[in-house]
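Morning, everyone. I have one structure to show, and I will keep it short.

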Amino acid sequence: TFKITPENMVYANFAMGNKPGVINADPRFPPELCCADEEESWNYEIGTKNRFFDGRLMANLALYYIDWKNQQITAAYTFPTGGTQSYIRNAGGSEVKGAELELEAAVSDNFTAGFTYALTDAKFTELLDAEALQLFGDPSLAGKKLFGVPEQPASVYGKAGFAVGADKRGFLRGDVSYTDRKYDHIYNLAHTGEQVLTNLSAGIESDRWALTLFINNVFDDHTPSS
């Protein structure tokens, strides 16, 4: 990390992580499905954290890259005698590239607003699959999105405060969050859809107590989270 000023800093981070291998214990599995190898990732991140205008504006930005080897994924095996069982296997390679932005501003003495946005490009770079050959005519799933990872999550909020009598404070707050589609599996044929949640809250607080009323999911969005 390096502080440019007391309110502005830049940083770089590098890390390596691993996850132990897995034994697929069902004795009915053929020998080639007995085990999944250890996975590992190399993680690189650079970013900056800042406060401007006497601390009234916070602005943080991060850029990152993850090189993921032997990612463990779940597959299903159909036994010749009937029935199926899930097991863990490895993808040859995956990568994640992304950016994250966070802003928060004290617009006035009584109003604060915030915004977050992330862009994530998470995909397989090496993965061969027999079922992919049947589905697409090509056993390679390189370029397919990683399952369960939204490409673009974002949120925005506003909070207004006001005096209530001589010794109490009240507030009104609204939050809207957006989550991009998440694919359910390596084939990218089904996804959750896009989710937009709106939450509202209001409250009064003193030095000794607080009362808050809230409504979550105001517009009744039924998009599944996973």
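I will take the pocket and then a set of paired strands.

Please keep in mind that this is a predicted model.

Let us start with the pocket. What is the volume of the largest pocket? The value comes out at about 230 Å³. There are 14 residues lining that pocket, and those closest to its centre are Ala-75, Ala-76, Asp-129, Glu-131 and Tyr-187. If you have the structure open, those five are the ones to click on.

Which element gives the most to the lining of this pocket? That is β7, with five residues. β7 covers 72-78, and it is joined in the lining by β8, at 84-90, and α1, at 130-136, each of the three supplying at least two residues. As for chemistry, the lining of the largest pocket holds eight nonpolar residues, along with three polar and three charged ones.

Now the strands. β9 runs over residues 93-108 and β10 over residues 111-126. The two pair in the antiparallel sense, with 15 bridges between them. The connection from β9 to β10 is a hairpin of two residues. To find the register on screen, look for Lys-97, which stands opposite Asp-121 in β10.

β10 also pairs with another strand, β11, residues 154-164. How many bridges join β10 to β11? Seven, and these strands run antiparallel. Here the pair to look for is Thr-112, with Lys-159 of β11 standing opposite.

So β10 has pairings with β9 and with β11. That is what I have.

Note on methods
Residues numbered from 1 in each chain as written. Predicted model: local features only at pLDDT ≥ 70, side-chain atom pairs only at ≥ 80, totals over all residues. Heavy atoms only, no water. 1 Å grid on protein atoms, 1.4 Å probe; cavity = no way out; pocket = protein on both sides within 12 Å on 5 of 7 lines; lining within 4 Å. Points joined across faces, edges and corners; volume = space filled by probe spheres on them. Helix = DSSP H or I, 4+ residues; strand = E, 2+ residues; numbered from the N terminus. Nonpolar A, V, L, I, M, F, W, Y, C, P; charged D, E, K, R; others polar. Pairing = 2+ DSSP bridges.
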